[in-house]
Amino acid sequence: MQTLIIHIKELIQIREIGIQKVSGSEMADLPLLKNAFLLIENNLIADFGLMNDCPTLPDAKVIDATEKVVLPTWCDSHTHLVYAGNRVQEFVDRINGLSYKEIANRGGGILNSAQQLNETDENEIYEQSKVRLEEVMKLGTGAIEIKSGYGLTVEGEIKMLRVIKRLAENYPIKIKATFLGAHAFPKEFKENHSGYIELIINEMLPKIAEENLADYIDAFLETGYFTVEETERIMEAGKKYGLISKIHVNQFTAINGIAACVKHNALTVDHLEIVTEEDIEVLKNTETMPVALPSCSYFISIPYTPARKMIAAGLPLALATDYNPGTTPSGNMNFVVATACIKMKMTPEEAINAATINGAYAMGISATHGSITKGKKANLIITKPIHSFYQLPYEFGSNLIDEVIIEGKTV
Ligand SMILES: N=CN[C@@H](CCC(=O)O)C(=O)O
Ligand SMILES: [Zn+2]
């Protein structure tokens, strides 16, 4: 089966095979072709080039992209898309003056979602989650990471990971699963942190490994949540089962967590709303990808990740949604890209690199996703007629997507 997209106004993010990520000043460059074609064979990008060189293929399905821009689908490397119910009351409480911390301290926040999740049956969680997954696919996300972390019990964590696995089996979008048992201490372990960490290490991890339910391991390294030492125990335990770390760190405070993550070869360090000079220094010349989550900053009114400082220091940066019921009830990567431009002063080129190739790196899939490269998955966004790709972040509230293709098929 062949599909030929012709007369593409701008074909964005074309890359040679082998580019895994872009860092520092490289992020300002977003290679593109004007007046281009792209050929899909089965589920892969088979060829692309200038319209002058477009092959004649009488049997191919043809899509006319006159005045339209084509780019790779978004790679959303940090989400909590599987959850039960909502936290709309906390949203209203925050409008009325309570902080995220105050809500969490009185038993709300992550523990509120954990209670709802443990009271909800697996099928129902699947039904609620698939609606969100279908929505983000239509918004252009073609690969996504989903975390557990609202179970906080052996059964609850396994239940979440099974839902993630079922979504991965039933949808064409690439899904990576991350085990986040260390998201918060359940009430009964408030005074017994080591007891909960032992439950994670001795009971949750072996079961998860046995059922092959996770690709990565995560922890919420933050004042009032998991300390550096506790997170190091989690990272070490994960490693024994082949789970690489992707860690929530520096969301509210900087407590030397990033150095610990780098020491343990974390694939990513995520959030980074509060970043010190030392944090930037330890990230230099490492394989660890910093991940910014601007929709979270927007929704709970906390600082934005200092992208300009980090890029100026030569670091790479990925962008993701953080889709979750508490701090970011939105999985819209188009909004993330626009907000990164508007609030973090990333250029459109930098933001698109961060949301595609660097996002793919942040979930270990840049060999197959994140750019227009021969042999990669045919995961494409075709826009409505627009003047240039700059219009995507510029018209931040509009949906400028006409069609989304995942693994060669329109979703
Ligand atoms: N910060 C930790 N975890 C989530 C939010 C959890 C919640 O409030 O439900 C985040 O990435 O923002
Ligand atoms: Zn998160």
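In the predicted model, Arg87 counts as buried because 22 C-beta neighbours lie inside 10 Å, against a threshold of 20 or more. Arg87 is placed in the loop that runs between β6 (74–76) and α1 (88–95). When neighbours within four places in sequence are left aside, the contacts of Arg87 are Asn112, Ser113, Pro325 and Gly326. Arg87 is also one of the positions that UniProt, in an unreviewed entry, lists under "binding site"; Tyr150, His183, Gln251 and Thr327 complete that list.

A second position of this list, His183, is likewise found in a loop, here between β8 (174–182) and α6 (193–210). His183 has 25 C-beta neighbours inside 10 Å and is therefore classed as buried. Its contacts, again without the neighbours within four places in sequence, are Ile110, Gly149, Leu152 and Phe220.

The surroundings of ligand 1 include several of the residues named above. The shell consists of Gly109, Ile110, Ser113, Phe220, His248, Gln251, Cys296, Asp322, Asn324, Pro325, Gly326 and Thr327. By class, this shell comprises four nonpolar residues, seven polar residues and one charged residue. Gln251 and Thr327, which belong to the shell, are also among the positions that the UniProt entry gives for "binding site". Ser113, Pro325 and Gly326 of the shell are contacts of Arg87, while Ile110 and Phe220, also of the shell, are contacts of His183.

At the level of the whole chain, the domain assignment gives domain 1, formed by 2–72 + 372–410, and domain 2, formed by 75–361. The centres of domain 1 and domain 2, taken over C-alpha atoms, are separated by 29 Å. Contact between the two involves 27 residues of domain 1 and 30 residues of domain 2. On the side of domain 1 that touches domain 2, at least two residues each are supplied by β5 (68–72), α15 (391–394) and β15 (401–406). The largest share of this side, three residues, is that of β15. The same side of domain 1 contains 17 nonpolar, five polar and five charged residues.

From the unreviewed UniProt entry also comes the annotation "domain: Amidohydrolase-related", which covers residues 69–411. This span is 42% helix and 17% strand, and its end C-alpha atoms lie 18 Å apart.

Two helices illustrate different settings within the model. Helix α13 (residues 348–355) is largely enclosed by the rest of the structure, because eight of its eight residues are buried. The buried residues of α13 are Pro348, Glu349, Glu350, Ala351, Ile352, Asn353, Ala354 and Ala355. Gln89, by contrast, lies in helix α1 and counts as exposed, because it has 11 C-beta neighbours inside 10 Å, where 12 or fewer is the limit for that class. The C-alpha atom of Gln89 is separated by 35 Å from that of Arg308, which is 219 residues away along the chain.

As to the confidence of the prediction, the mean pLDDT of the chain is 98, and 100% of its residues reach 70 or more. For the complex, the predictor gives an ipTM of 0.98 and a pTM of 0.98.

Note on methods. Residues numbered from 1 in each chain as written. Chains lettered and ligands numbered in written order. Predicted model: local features only at pLDDT ≥ 70, side-chain atom pairs only at ≥ 80, totals over all residues. UniProt positions renumbered as here; feature names shortened; annotations may be inferred. Helix = DSSP H or I, 4+ residues; strand = E, 2+ residues; numbered from the N terminus. Contact = placed C-beta atoms within 7 Å. Near = placed C-beta within 6 Å. Nonpolar A, V, L, I, M, F, W, Y, C, P; charged D, E, K, R; others polar. pLDDT = per-residue confidence, 0-100. Domains from an automatic or database assignment.
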